[in-house]
Amino acid sequence: MTPVFLSDSFWLHFGTSSVTTGAATNADSLPTATIAEDGVDLAYAPVVTNVATGLYTAQIDATAGNGFEAGRRYSVYVAATVGAVISRDRSISFSICF
């Protein structure tokens, strides 16, 4: 589990690919990122940006104002649809350090 300090920002990078060829392919629409605290989704959702064909990034601002707390564990899930096939996968887990 990756340690992060409260008020830190970090970048999540992830990709999408064709389900038939495996080649890097943009999603049908912009993917979404969801952050869960101990299994419960936060209201905060980072903005996902397309940076290249099949490559996306999202800045995660781990601040108290966004609902993060020291000593808690978080998982980031991304959801994308490529060629009408929906995929949701855990990308990273992190904890907020004291």
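Biologist: Does R72 count as buried, partly exposed or exposed, and at what relative accessibility?
Modeller: The model is a predicted one. Buried would need under 20% relative accessible area, and exposed over 50%. R72 falls between these cut-offs, so the class is partly exposed, at 32% relative accessibility.

Biologist: Which parts of the chain does the salt bridge between R72 and D38 tie together?
Modeller: The closest N and O atoms of R72 and D38 are 3.3 Å apart. That is within the 4 Å allowed for a salt bridge. The two residues are 34 positions apart in sequence, so the pair ties together the loop between β6 and β7, which holds R72, and the loop between β3 and β4, which holds D38.

Biologist: With which residue of strand β3 does R72 form a salt bridge?
Modeller: This pair links distant parts of the chain, 35 residues apart, with R72 in the loop between β6 and β7. The partner counts as buried because its relative accessibility is 13%. The closest N and O atoms of the pair are 3.4 Å apart, and the partner is E37.

Biologist: Which arginine in strand β7 meets D38 in a salt bridge?
Modeller: D38 is partly exposed, at 39% relative accessibility. Its partner in β7 is 35 residues away in sequence, so this pair also ties together separate parts of the chain. The partner is partly exposed too, at 49% relative accessibility. The N to O distance is 3.2 Å, and the residue is R73.

Biologist: How many salt bridges does a search of the whole structure find, and which residues are linked in a network?
Modeller: Side chains of opposite charge can pair when their charged atoms come close. The search of the whole structure finds 3 salt bridges. The residues linked in a network are E37, D38, R72 and R73.

Biologist: How far apart are the mean positions of the positive and negative charges of the chain?
Modeller: The chain has 4 positive and 8 negative charges. A mean position is taken for each sign, and the distance between the two means is 8 Å.

Biologist: How many helices and how many strands are in the chain?
Modeller: From the N terminus on, the elements run β-β-β-β-β-β-β-β. The count is therefore, by runs of at least two residues for a strand, 0 helices and 8 strands.

Biologist: Which strand supplies the largest share of the largest nonpolar core?
Modeller: In soluble globular proteins, nonpolar side chains tend to be buried together. The largest nonpolar core here has 22 residues. At least two residues come from each of β2, β3, β6, β7 and β8. The largest share is 5 residues, and the strand is β7.

Biologist: Which residues of the largest nonpolar core touch the most other members?
Modeller: One of them is I96, which also touches residues outside the list asked for, including V4, L6 and R72. Contacts up to four places away in sequence are left out of that tally for I96. Within the core, the residues touching the most other members are I35, I60, F68, Y74, V76, F94 and I96.

Biologist: What percentage of the residues in the chain is buried?
Modeller: The chain has 98 residues. Its exposed area is about 5500 Å², with 54% of this from carbon and sulfur atoms. The buried residues make up 34%.

Technical notes: Residues numbered from 1 in each chain as written. Predicted model: local features only at pLDDT ≥ 70, side-chain atom pairs only at ≥ 80, totals over all residues. Heavy atoms only, no water. Core = buried A, V, L, I, M, F, W, Y, C linked by side-chain atoms within 4.5 Å. Buried < 20%, exposed > 50% of the residue type's maximum accessible area, 1.4 Å probe, protein only. Helix = DSSP H or I, 4+ residues; strand = E, 2+ residues; numbered from the N terminus. Contact = heavy atoms within 4.5 Å. Areas by Shrake-Rupley, 256 points an atom, 1.4 Å probe, with all protein chains shown as cover. Lys, Arg positive; Asp, Glu negative; His and termini not counted. Charge placed at Lys NZ, Arg CZ, Asp CG, Glu CD. Salt bridge = Lys/Arg side-chain N within 4 Å of Asp/Glu carboxyl O.
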